[in-house]
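I opened the notebook with a plain plan. Pocket first, then the sheets, then the odd backbone spots.

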Amino acid sequence: AGGTVNSLQFTKDSKKLIAAGNRLNTEDRDAPREGFVKSWDVANNWEVMFDFKAQERSTKSVRLHPDEKSFAIAGFANQLKIYTYPEAEEIKVFDVPKKLEAVEYHPEGNFLFAGGHGDVIYVYSTETWQEVLQIDAPRVEYIDFTKDGRLMVTGHEDSGLLSLYLIWSKLTGAGHYDQLSREILNNKDMQDK
């Protein structure tokens, strides 16, 4: 990859790989490491599809949209960026006050979540490209969802804390939340956390 890889993801068919990280600035070695994004066509002898400087500072996370027609990156340049895939043409840039560490699409693809040093998770609509919600959360390092989109789990830098969120999802039918509440959220160990 030519530098430090902070995040990567295969396409669903495992034929393409996308990675993000940081590299030395070859023109100014004292400058902060530059954030890059690189993608390979694994099925075609690992041909490089694209490789470019994506941010002035380290790119910490990259995620493909569930339809694999776009991808999002987040990093230490205090920006969340969205690009087409596989063309890598910039679609949208969101500026945030502090560094970002994690980005993830909801499994339905209708929302994009990003978090980092700002003690919030930003939620954006992928239809309007507008911020729709902020969720209070301590320094977010990772974001992931269950396959059905009902639960979001986040990992945090502070003492290895994990947070579990119940998320409204069109993928779940009536009664799932009641069942979840009875079987999991009413668990005494969960209630004490």
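Before looking at the lining, I fixed my terms: a pocket is an open set of grid points with protein on both sides within 12 Å along at least five of seven lines, and lining residues have an atom within 4 Å of a point. I also noted that this is a predicted model.

**Entry: the pocket**

I looked up the volume of the largest pocket, and it is about 350 Å³. Which residues lie nearest its centre? I found Gln9, Lys12, Pro66, Glu104 and Pro107 there, out of 15 lining residues. I then sorted the lining by character. It divides into 6 nonpolar, 4 polar and 5 charged residues. Next I asked which strands supply at least two residues of the lining. My list reads β1 (4–10), β9 (100–105) and β13 (140–145).

**Entry: the chain as a whole**

I stepped back to the overall count. The chain has 2 helices and 15 strands. It runs to 193 residues, and 47% of them count as buried. I also checked the contacts with a separation of 6 or more. Residues 24 or more positions apart account for 34% of these.

**Entry: the sheet of 4 strands**

I traced an open sheet of 4 strands. Its order is β5-β6-β7-β8, and the pairing is antiparallel. Which strands sit at the edges? They are β5 (59–64) and β8 (90–95), and each pairs on one side only. Neighbouring strands in this sheet are turned against each other by 15 degrees on average, direction ignored.

I went through the pairings next. β5 meets β6 (residues 70–75) over 5 bridges, in the antiparallel sense. Within that pair, Val62 stands opposite Ile73, and Ser61 has Ala74 as its bridge partner. The two strands form a hairpin with 5 residues between them. In that turn I noted Glu68, with a positive phi of about 60 degrees.

On to the next pair. β6 and β7 are antiparallel too, over 5 bridges. Here Phe71 of the β6 strand stands opposite Tyr83 in β7. This hairpin has 3 residues between its strands. Asn78 in the turn has a positive phi of about 60 degrees.

**Entry: β6 up close**

Is β6 buried or exposed? I counted 6 of its 6 residues as buried, so the strand is largely enclosed by the rest of the structure. I reminded myself that in a regular strand the side chains alternate between the two faces of the sheet. So I checked each face of β6, and both are covered. Ser70, Ala72 and Ala74 are buried on one side. Phe71, Ile73 and Gly75 are buried on the other.

**Entry: the loop between β7 and β8**

I then read the loop that leads from β7 (79–84) to β8, and Pro86 lies in it. The peptide bond from Tyr85 to Pro86 is cis, with omega near 15 degrees. Ala88 is in this loop as well. Ala88 is not a glycine, yet it has a positive phi of about 65 degrees. I flagged both spots for a general reason: most residues other than glycine have a negative phi, and most peptide bonds are trans.

Why does Ala88 count as buried? Its relative accessibility is 17%, and the cut-off for buried is under 20%.

**Entry: the β1–β2 hairpin**

I returned to β1, one of the strands that supply the pocket lining. 6 bridges join β1 to β2, and the two run antiparallel. Ser7 has Ala20 in β2 as its bridge partner. The hairpin leaves 5 residues between the strands. Ser14 is in the loop between β1 and β2 (16–23). Its phi is positive, about 65 degrees, although Ser14 is not a glycine. Ser14 is partly exposed, at 44% relative accessible area.

**Entry: the sheet of 3 strands**

My last lookup was the open sheet with the order β13-β14-β15, again antiparallel. β13 and β15 (162–166) stand at the edges with a single partner strand each, so one side of each is left without a neighbour in the sheet. The twist averages 20 degrees from one strand to the next. 5 bridges join β13 to β14 (residues 151–156), running antiparallel. Asp144 has Val153 in β14 as its bridge partner. β13 also turned up earlier, as a contributor to the pocket lining.

How values were computed: Residues numbered from 1 in each chain as written. Predicted model: local features only at pLDDT ≥ 70, side-chain atom pairs only at ≥ 80, totals over all residues. Heavy atoms only, no water. Pairing = 2+ DSSP bridges. Axes fitted to C-alpha atoms, helices over the stretch in contact; angles between N-to-C directions. 1 Å grid on protein atoms, 1.4 Å probe; cavity = no way out; pocket = protein on both sides within 12 Å on 5 of 7 lines; lining within 4 Å. Points joined across faces, edges and corners; volume = space filled by probe spheres on them. Nonpolar A, V, L, I, M, F, W, Y, C, P; charged D, E, K, R; others polar. Buried < 20%, exposed > 50% of the residue type's maximum accessible area, 1.4 Å probe, protein only. Contact = heavy atoms within 4.5 Å.
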